[in-house]
Amino acid sequence: MSWTYEDFKKAILDLTGIDLSSYKEKQMKRRIDSLISRSGYDGYQTYYRALVEDKEKLERFLNYITINVSEFFRNPGQWTILEKEILPDLLKKHGNLKIWSAACSSGEEPYSLVMLLTKFLPLERIRILATDIDREALDKARKGIYDARSLQSIPQELVHRYFKPFNGFFAIDPQIKACVEFRRHDLLNDPFPGNCHLILCRNVMIYFTEEAKVKIYKKLHEALYPDGVLFVGSTEQIIIPHRYGFQPLKPFFYKKM
């Protein structure tokens, strides 16, 4: 009897600890079905056997299902609010900030934040934890080399100051790279860091089920310092934020109550 998608999800959970049921099913199933077909397998069971037998195929599968779309200063208007209103208030209250960029993809977001923070702090006082589940994305983030398209929303003075041309690409300044610590982290299963003054968790919640979102929002609340701020993506406004212990500050910014 051939496997169903449910059989495949259970097998992947046992093999990797990743629960595909926490992702929106239609979207995830469509991505996986397309991958299986393109890879030349006739169904879930034969593809699963290939993943078990070949670690490189398994790693490619895991990288594929963790959707990575990022750019520097994505949604610039929100970064303006962060610069003009959120950061000045946090710095006034706390001085040095503990900041976590969750689901950071290939590093554009935490590096954007470092560049923004240089307007307020010397580089030696800027430290950001950046995490993602995708090892390939983290490897790219650590290298810090990007194409011109990724730089489109960066103010030109920051491009000139912090990037150098490199074999047709752009390499970010090593001093900016040194401010960010990259780690692998699973939002659904791993412990969260604590006492963060600012958490960026943007453009990832849209892929999760409602049940998974509830779990993650509660953990994000616990991870924040009192009066800490959560910065979410442009399609991810939190419905009834008070039920998670958040108070709206500005669109896409929420303070821990």
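1. Let me begin in the middle of the protein. The largest nonpolar core has 87 residues, and within this core Phe8 and Phe61 touch the most other members. Helix α5, residues 76-94, gives the core its largest share, with 7 residues. As background, nonpolar side chains in soluble globular proteins tend to be buried together. Please keep in mind while reading that this is a predicted model.

2. Which residues does Phe61 touch, once those up to four places away in sequence are set aside? They are Phe8, Ile12, Ile32, Leu35, Tyr47 and Leu51. Phe8 therefore appears twice in this story: Phe61 touches Phe8, and both belong to the 87-residue core.

3. Now for the overall build. The chain has 10 helices and 10 strands. Its radius of gyration is 19 Å, close to the 18 Å that the globule rule gives for 257 residues, so the chain is as compact as a globular protein of that length. Along the principal axes, the C-alpha atoms fill a box of roughly 65 × 50 × 25 Å.

4. How much of the chain is buried? Of the 257 residues, 49% count as buried. The chain exposes about 12,900 Å², and 51% of that area is supplied by carbon and sulfur atoms. If we take contacts between residues at least 6 apart in sequence, 72% of them join residues at least 24 apart.

5. A word on charge. The chain carries 39 positive and 33 negative side chains. The centres of these two sets lie 4 Å apart.

6. The loop between β1 (99-102) and α6 (108-117) deserves a look at its backbone. Ala103 is found in this loop, and Ser105 lies there too. Ala103 has a positive phi of about 55° although it is not a glycine, and for Ser105 the phi is likewise positive, at about 55°. For context, most residues other than glycine have a negative phi. Is Ser105 buried or exposed? Its relative accessibility is 5%, so Ser105 counts as buried, the cut-off being under 20%.

7. Next, a cysteine you may want to find on screen. Cys196 lies in strand β7, residues 196-201, and is buried, with a relative accessible area of 1%. Leaving out residues up to four places away in sequence, Cys196 touches Lys98, Trp100, Ala223, Leu224, Tyr225 and Gly228. One of these partners, Gly228, is 32 residues from Cys196 in sequence, while their C-alpha atoms are 6.6 Å apart in space.

8. Tyr225 follows naturally, as one of the residues that Cys196 touches. Tyr225 sits in strand β8, residues 224-232. With a relative accessible area of 33%, Tyr225 is partly exposed, whereas Cys196 is buried. Beyond residues up to four places away in sequence, Tyr225 touches His94, Asn195, Cys196, His197 and Lys256. From Tyr225 to Leu129 the separation is 96 residues in sequence and 15 Å in space, C-alpha to C-alpha.

9. Finally, Ala171, which lies in strand β5, residues 169-172. Apart from its neighbours within four places in sequence, Ala171 is in contact with Gly144, Ile145, Tyr162, Phe163, Lys164 and Phe166. Asp147 is 24 residues from Ala171 in sequence, and the two are 9.0 Å apart in space, C-alpha to C-alpha.

Terms used
Residues numbered from 1 in each chain as written. Predicted model: local features only at pLDDT ≥ 70, side-chain atom pairs only at ≥ 80, totals over all residues. Heavy atoms only, no water. Helix = DSSP H or I, 4+ residues; strand = E, 2+ residues; numbered from the N terminus. Rg over C-alpha atoms; globule rule 2.2 N^0.38 Å. Buried < 20%, exposed > 50% of the residue type's maximum accessible area, 1.4 Å probe, protein only. Contact = heavy atoms within 4.5 Å. Areas by Shrake-Rupley, 256 points an atom, 1.4 Å probe, with all protein chains shown as cover. Lys, Arg positive; Asp, Glu negative; His and termini not counted. Charge placed at Lys NZ, Arg CZ, Asp CG, Glu CD. Core = buried A, V, L, I, M, F, W, Y, C linked by side-chain atoms within 4.5 Å.
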